[in-house]
Amino acid sequence: MTLTFNPVALLLVMLILLGVLSNNSAITVSSLVLLLMQQTFLAKYIPFMAKNGVNIGIIILTIGVLSPIVTGKVALPSFSNIISVKMLVAIGVGILVAWFGGKGVTLMEQQPLLISGLLLGTIIGVAFLGGIPVGPLIAAGILSILLGKF
């Protein structure tokens, strides 16, 4: 039996350590799951996750955001609250971020080489700035705008 160097496994181990050191469970758990998948019979499902993971994640994130409304912890806004300046700005920012995300998906499909830079930036933001890893799509959208890829 010969052992071969696996740089991706090393990267995942480094990310696990970084997640533990920065007390960021999202990085730790994600990297650990992918490392376990890569090193076991579950490796055959990694292409499925690569293809569908973002959509699955967005669905789970949306469920998490909508759950407080469904449980009643957050009330639906009244009409007078909807027409307030803060609410209109919030709606506008939501539209802008969704548009960035759409541009990001397109850019990531057209220029996949940029994904590694976006992911590295997101990991640094998550590990050292207390961010959460929802940034790659938005970052790609902003990058798309900066690169003039409307």
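**Exercises on helices α1, α2 and α6**

In α2, the buried residues (under 20% relative accessible area with a 1.4 Å probe, protein chains only) are Ile-27, Thr-28, Ser-31, Leu-35 and Met-37. The model is predicted, with local features needing pLDDT of at least 70 and side-chain atom pairs pLDDT 80 or more, while totals for chains, interfaces and linings use all residues. Residues are numbered from 1 along each chain, and side-chain values use heavy atoms, without hydrogens or water.

**Exercise 1.** Find what covers the buried residues of α2.

*Solution.* Look for contacts, meaning heavy atoms within 4.5 Å. The cover includes α1, α3 (46-71) and α6.

**Exercise 2.** Describe how α1 and α2 pack.

*Solution.* Start with the axes, which are lines fitted to C-alpha atoms over the stretch in contact, with angles from 0 to 180 degrees between N-to-C directions. For α1 (residues 7-21) and α2 (residues 25-39), the axes come within 8 Å and cross at roughly 155°. That makes the pair roughly antiparallel (over 145 degrees).

Next, list the contacts: the α1 side includes Val-8, Leu-12 and Ile-16, and the α2 side includes Ile-27, Ser-31 and Leu-35. The contact residues divide into 11 nonpolar, 5 polar and no charged. Here Ala, Val, Leu, Ile, Met, Phe, Trp, Tyr, Cys and Pro are nonpolar, Asp, Glu, Lys and Arg are charged, and the others, Gly among them, are polar.

**Exercise 3.** Examine α6 (residues 114-129) and what comes just after α6.

*Solution.* First, pick out the buried residues of α6: Leu-118, Thr-122, Ile-123, Gly-125, Val-126 and Ala-127. Then step past the helix: just after α6, Gly-130 has a positive phi of about 75°.

Methods: Helices (H or I, at least four residues) and strands (E, at least two) are DSSP runs, numbered from the N terminus. Angles under 35 degrees count as roughly parallel, over 145 as roughly antiparallel, 65 to 115 as roughly perpendicular and the rest as oblique. The expected span of a helix is 1.5 Å times one less than its number of residues. Buried means under 20% relative accessible area, exposed over 50%, partly exposed in between (1.4 Å probe, protein chains only).
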